[in-house]
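The following paragraphs walk through one protein chain, from its overall layout to individual side-chain pairs. Please keep the sequence and the model in view while reading.

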Amino acid sequence: MTEEKPVRRRHADTTRQALIDAAAGLFAERGYERTTVRAIADRAGVNQALLFRYFGSKTALFGEVMANDGRRRLRETPPERLLESALRGLLAPGDAPHGDRSLEVFLRSAGGDDEVAETSRSLGEEYTRALARLTGEEDAELRAALVLAWLLGIGLTRLVVRQEPLAGADPERVSRLMLDASRTLLEGLA
């Protein structure tokens, strides 16, 4: 009588999360366009057919990555702490426990195909609305959009272009300077 080997089955949730984590890392490193389905599957340690099974397309997976981090932050962070949380997440190393690569993914993928651009635009609008609640001024959405543009500019200059002195600046100092200045536009910031 031969001994049967146990069948190794991947749990669907574990596989989905492995694909999301792998995609988040690759999108942050390479951007959406330069990230292949094969590279995502390889990093996740699964067959690329599973990406299509669980998400349907690379674009849908991108949306999941963006929603996973960005919308979680919107749900879990009070508006007065949202900018600080996003900024500190952006400035933290990608492998840090409090690091958030969703803004880096956004920066490296902006200007891509229409679905990707729409996902990014939608998330940006949600952040703008949340930040706009921090001022009673008539131009609240403009103020929030300016602060959000500054945040994205910091990310672009630091992470993508890697221009000094910002690229090598101390994250605490960058956070303090930006948050202090942002309070002139959004007085409700913590």
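Read from the N terminus, the predicted model follows the pattern α-α-α-α-α-α-α-α-α. That comes to nine helices, with zero strands.

The chain has 190 residues, and 44% of them count as buried. Its accessible surface is about 10700 Å², and carbon and sulfur atoms hold 50% of that area. Contacts reach far along the sequence: taking those between residues at least 6 apart, 67% join residues at least 24 apart.

Helix α2 gives a local view of the burial. This helix spans residues 37-44, and its buried residues are V37, A39, I40, A41 and A44. Their cover includes three other helices, namely α1 (12-30), α3 (48-55) and α4 (58-76). Just after α2 comes G45, whose phi is positive, at about 75°.

Helix α2 also takes part in a salt bridge. R43 pairs with E29, and the closest N and O atoms are 3.0 Å apart. Because R43 lies in α2 and E29 in α1, the pair ties together parts that are 14 residues apart in sequence. Is this pair buried or exposed, taking R43 as the example? R43 is partly exposed, since its relative accessible area is 42%, and buried would require under 20%. E29 is likewise partly exposed, at 35% relative accessibility.

The chain has eight salt bridges in total. Another of them is formed by the side chains of E172 and R88, at 2.6 Å from N to O. This pair links distant parts of the chain: E172 belongs to helix α9 (residues 171-182) and R88 to helix α5 (residues 79-91), with their positions 84 residues apart in sequence. Both partners are partly exposed, E172 with a relative accessible area of 47% and R88 with one of 27%.

A further salt bridge joins the side chains of D139 and R143, with an N to O distance of 2.7 Å. What is the burial state of each partner, D139 and R143? D139 is partly exposed at 33% relative accessibility, whereas R143 has a relative accessible area of 16% and is therefore buried. Elsewhere, salt bridges that share partners join R81, E84, R88 and E172 into one network. The E172 and R88 pair described above is thus placed within that network.

Terms used
Residues numbered from 1 in each chain as written. Predicted model: local features only at pLDDT ≥ 70, side-chain atom pairs only at ≥ 80, totals over all residues. Heavy atoms only, no water. Buried < 20%, exposed > 50% of the residue type's maximum accessible area, 1.4 Å probe, protein only. Helix = DSSP H or I, 4+ residues; strand = E, 2+ residues; numbered from the N terminus. Contact = heavy atoms within 4.5 Å. Areas by Shrake-Rupley, 256 points an atom, 1.4 Å probe, with all protein chains shown as cover. Salt bridge = Lys/Arg side-chain N within 4 Å of Asp/Glu carboxyl O.
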